[in-house]
Amino acid sequence: MTNKIQIIREIILKNDSEIDKLSEVEKEIKSNRADELNQLFEKYFFDCLETGDSLKVGSESFDIRRPAELREDSIMTIYVKDSTYSYESGNADKLAVSFYTTSHTDEYELRRMVTIGKVGQIILDFEDDILAGYNQIMVEYDKQLTPNRKAQWELDKKNRDLYFEIESIQKAQLMNKLESDGIEFAIEEDKYYRLPELDIRFDWSVRGVKKIKVLKKTPSGKSADIELQVTYNSYNTDKGKYEQVVKTDTYEKVRMDKIERMLSYNKSIIVS
């Protein structure tokens with residue numbers, strides 16, 4: 001079983017490596033797409049910009065940014081919209097503009113208003129051409145991105161399935177050990193209080209579980225008779241101090257889901 005888990009983990013690592021390579025290719029594709037979108041927007045809006053202005057291009061919008069006294073401001077954002085909400089490349093049919101309003105009339109704000117007006121005129125004159133160029137770029141690059149993303153998704157799904165297989169194998173190993181030798185928990189000697197607590201019934205729990213072993217399951221397999229080694233502090237009157245005591249008791253018809261939950265919560269301290 002351990003060898004099988006190791007083989008599965010090696011497959012996962014190989015898949016992760018392929019995902020990383022695909023992710024790098026995706027970044028390059030998006031970078032190339034951003035370059036083409038930037039060229040498209042500069043073609044139409046470059047003459048609207050002042051010296052020092054810049055375009056910040058995204059896949060569905062772009063900002064016109066201008067240096068301010070203490071920072072760089074977004075003076076307006078142009079969004080590419082699909083009024084049908086199809087979420088498919090090539091269906092953009094509207095340019096929407098967003099900008100802040102102000103009552104200030106200093107030179108910076110007046111120049112910003114001039115730029116907004118210029119951009120508005122470009123949109124009135126060339127909106128259809130801008131949208132056509134945008135849709136063409138998005139469609140062409142989606143032809144590269146779609147198979148890349150599909151390949152990443154398929155590898156990621158394979159890894160999720162493989163992790164689930166590892167968990168199933170480990171759970172089977174744990175249950176076999178639980179019903180044969182039993183399962184022990186290890187903690188630092190002076191921190192016995194960190195040992196697990198097991199719910200025996202809805203109103204009864206046992207703390208300080210050092211070891212648990214299934215003695216017999218019910219026919220349904222949903223409950224079991226178990227043996228617990230429990231650690232607790234007891235006062236030794238002869239020595240005049242508390243000492244750690246280990247006591248073994250059996251409990252009947254404890255639900256297996258409670259046992260499995262306890263093991264899951266405390267798997268980090270299980271003795272392998």
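**Exercise 1. A residue in helix α1**

Asn15 has its place in helix α1; in this predicted model, work out whether Asn15 is buried or exposed, and which residues Asn15 touches beyond four places in sequence.

*Solution.*
Step 1: Look at the accessibility. The relative accessible area of Asn15 is 10%. Buried means under 20%, so Asn15 counts as buried.
Step 2: List the contacts. Setting aside residues up to four places away in sequence, Asn15 touches Leu155, Lys158, Asn159 and Leu162.
Step 3: Try a contrasting pair. Asn15 and Ser86 are 71 residues apart in sequence, and their C-alpha atoms are 33 Å apart in space.

**Exercise 2. The sheet β1 to β4**

Find the strand order of the open sheet that contains β1, then say which strands stand at its edges and which helices pack on it.

*Solution.*
Step 1: Trace the order. The four strands run β1-β2-β3-β4, with antiparallel pairing.
Step 2: Find the edges. β1 (54-57) and β4 (94-98) each have a single partner strand, so one side of each has no neighbour in the sheet.
Step 3: Check the twist, which averages 25 degrees from one strand to the next.
Step 4: Zoom in on one pair. Strand β2 (residues 61-67) pairs with strand β3 (residues 72-81) over seven bridges, and Arg65 has Ser74 in β3 as its bridge partner.
Step 5: Add the helices. Helix α1 (residues 2-45) packs on the sheet, where it touches β1, β2 and β3, and its direction makes about 140 degrees with that of β1. Helix α2 lies across β2, β3 and β4 and runs at about 25 degrees to β3.

**Exercise 3. The sheet that ends in β10**

Work out the order of the open sheet that contains β10, its edge strands and the helices packed on it.

*Solution.*
Step 1: The order of the four strands is β5-β8-β9-β10, and the pairing is antiparallel.
Step 2: β5 (183-184) and β10 are the edge strands, since each pairs on one side only.
Step 3: Strand β9 (residues 223-236) is joined to β10 by 13 bridges. Here Asn236 stands opposite Lys241 in β10.
Step 4: Helix α2 (residues 107-179) packs on this sheet by touching β5 and β8, its direction making about 85 degrees with that of β8. Helix α3 (residues 256-265) touches β5, β8, β9 and β10, and its direction makes about 140 degrees with that of β10.

**Exercise 4. Two lysines in one sheet**

Describe the surroundings of Lys211 in strand β8 and of Lys253 in strand β10.

*Solution.*
Step 1: Lys211 is buried but has no salt bridge. The nearest side chain of opposite charge is Glu184, 4.6 Å away; a salt bridge would need a nitrogen within 4 Å of a carboxyl oxygen.
Step 2: Look for another polar partner. A polar atom of the Lys211 side chain lies 3.3 Å from the backbone oxygen of Asp181.
Step 3: Turn to Lys253, which is exposed at a relative accessible area of 53%. Apart from neighbours within four places in sequence, Lys253 is in contact with Arg201, Thr218, Ser223, Ala224 and Asp225.

**Exercise 5. Salt bridges**

The structure holds 20 salt bridges; for the one between Glu26 and Arg149, the one between Glu140 and Lys143 and the one between Glu260 and Lys171, say where the partners lie.

*Solution.*
Step 1: Glu26 and Arg149 meet at 3.5 Å, N to O. Glu26 is in helix α1 and Arg149 in helix α2, so the pair ties together parts that are 123 residues apart in sequence. Glu26 counts as buried at 13% relative accessibility, while Arg149 is partly exposed at 35%.
Step 2: For Glu140 and Lys143, the closest N and O atoms are 3.3 Å apart. Both residues lie in helix α2, three residues apart, about one turn of the helix.
Step 3: Glu260 and Lys171 have their closest N and O atoms 3.5 Å apart. This pair links distant parts of the chain, with Glu260 in helix α3 and Lys171 in helix α2, 89 residues apart.
Step 4: Finish with a network: Glu50, Asp53, Arg66, Glu107 and Arg111 are joined by salt bridges that share partners. Arg66, in strand β2, is buried at 1% relative accessibility.

Terms used: Residues numbered from 1 in each chain as written. Predicted model: local features only at pLDDT ≥ 70, side-chain atom pairs only at ≥ 80, totals over all residues. Heavy atoms only, no water. Buried < 20%, exposed > 50% of the residue type's maximum accessible area, 1.4 Å probe, protein only. Contact = heavy atoms within 4.5 Å. Lys, Arg positive; Asp, Glu negative; His and termini not counted. Polar contact = N/O pair within 3.5 Å; in protein donor to acceptor, adjacent residues only side chain to side chain. Pairing = 2+ DSSP bridges. Helix = DSSP H or I, 4+ residues; strand = E, 2+ residues; numbered from the N terminus. Axes fitted to C-alpha atoms, helices over the stretch in contact; angles between N-to-C directions.
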